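Let's take a walk through this model, helix by helix, and then look at a pocket and a few single residues.

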Amino acid sequence: MEQTPIAIPAALQEFLARVMARPIVPTHSDQQTMHVGADELPWMEAGDGSALQLLHVDLNQNLWVSKSRIPPGYRVPTHYHTGLVFAVTLQGRWFYAETPEAVNSPGSYLFEPAGSLHTLCTPEDQDGDTIAWFAIYGANINVDGEHKITSIIDARAALELYTGYCEALGLDTSKLIVTGA
């Protein structure tokens with residue numbers, strides 16, 4: 001029995017030729033790298049000595065990247081995250097009340113799995129603020145002493161809070177990297 005050759009439409013042949021001509025390793029991108037200098041974005045002051053500098057928000061991945069500035073003797077509300085968190089300490093020290101023996105200091109890296117309940121604290125005897133870089137996937141769920149939810153902040157809420165604050169004070173956020181829809 002003879003097989004009849006399959007007719008491949010010309011448009012499909014052209015498409016396949018373009019796919020086959022692509023380099024195995026991409027040599028260019030339609031996107032450019034984006035740079036944010038250390039002082040090119042304002043700090044959103046919380047009024048209690050702490051502040052946040054939002055650097056990048058990816059709305060498609062629900063990712064927000066920021067630096068936090070936290071004074072000595074500070075206690076962030078107890079919380080957990082719905083996704084992974086990566087942290088690098090740039091200045092000062094901090095630890096979780098739940099694991100005080102694991103102190104983060106300049107150069108320390110911390111990985112938080114989703115669902116990890118913790119209370120970030122800075123030592124009272126520290127000179128100067130702690131500054132740490134965080135990449136947070138998903139939502140930050142703040143809870144009270146009975147573990148009831150008191151607030152939820154995700155990438156979109158972080159973006160709205162930060163840009164709203166800066167706009168109200170006339171602060172420039174043009175260097176903030178926002179991707180996704």
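Of the 12 residues of helix α1, the number buried is 0, so α1 lies largely in the open. Here buried means under 20% relative accessible area, exposed means over 50%, and partly exposed is in between, using a 1.4 Å probe and protein chains only. Helices are DSSP runs of H or I with at least four residues, strands are runs of E with at least two, and both are numbered from the N terminus.

A quick word on the ground rules. This is a predicted model, so local features need pLDDT of at least 70 and side-chain atom pairs count only at pLDDT 80 or more, while totals for chains, interfaces and linings use all residues. Residues are numbered from 1 along each chain as its sequence is written, and side-chain values use heavy atoms, with hydrogens and water left out.

**The two helices**

How do the helix lengths check out? The expected span is 1.5 Å times one less than the number of residues.

| Helix | Residues | Expected span | End C-alpha distance |
|---|---|---|---|
| α1 | 10-21 (12 residues) | 16 Å | 17 Å |
| α2 | 155-168 (14 residues) | 20 Å | 20 Å |

For α1 the distance agrees with the expected span, and for α2 it agrees as well.

Now for the inner side of α2. Its buried residues are Ala155, Ala158, Leu159, Tyr162 and Cys166. They cover an arc of only 100° around the axis (taken from the directions from the helix axis to the C-beta atoms), which puts them on the same side of α2. An α-helix has 3.6 residues a turn, so residues three or four places apart point the same way. These buried residues pack against β1 (44-45), β2 (51-58), β3 (63-70), β12 (149-153) and β13 (177-179), where contact means heavy atoms within 4.5 Å. On the face turned away from the buried side you'll find the exposed residues Glu160, Glu167 and Ala168. Just after α2, glycine 170 takes a positive phi of about 70°.

**Around aspartate 154**

Aspartate 154 sits in the loop between β12 and α2 and is partly exposed, with a relative accessible area of 26%. At the start of α2, one of its side-chain oxygens comes to within 3.3 Å of the backbone nitrogen of arginine 156. A polar atom of the aspartate 154 side chain also lies 2.9 Å from the backbone nitrogen of alanine 157. Not counting residues up to four places away in sequence, aspartate 154 touches Asn62, Trp64, Gly138 and Ala139.

One of those partners, asparagine 62, is in the loop between β2 and β3. Asparagine 62 has a positive phi, near 55°, in a residue other than glycine, and is partly exposed at 25% relative accessible area.

**The largest pocket**

What lines the largest pocket? There are 29 lining residues, and Leu52, Trp64, Ser68, Val76 and Ile153 lie nearest its centre. β3 gives the largest share of the lining, 4 residues. The pocket holds about 680 Å³ of space.

In grid terms, a pocket is an open set of points on a 1 Å grid over the protein atoms alone, where a 1.4 Å probe fits, with protein on both sides within 12 Å along at least five of seven lines; lining residues have an atom within 4 Å of a point. Points are joined across faces, edges and corners, and the volume is the space filled by probe spheres set on them.

Note on methods: A polar contact is a pair of N or O atoms within 3.5 Å; within protein, one must be able to donate a hydrogen and the other to accept it, and residues adjacent in sequence count only if both atoms are side-chain atoms.
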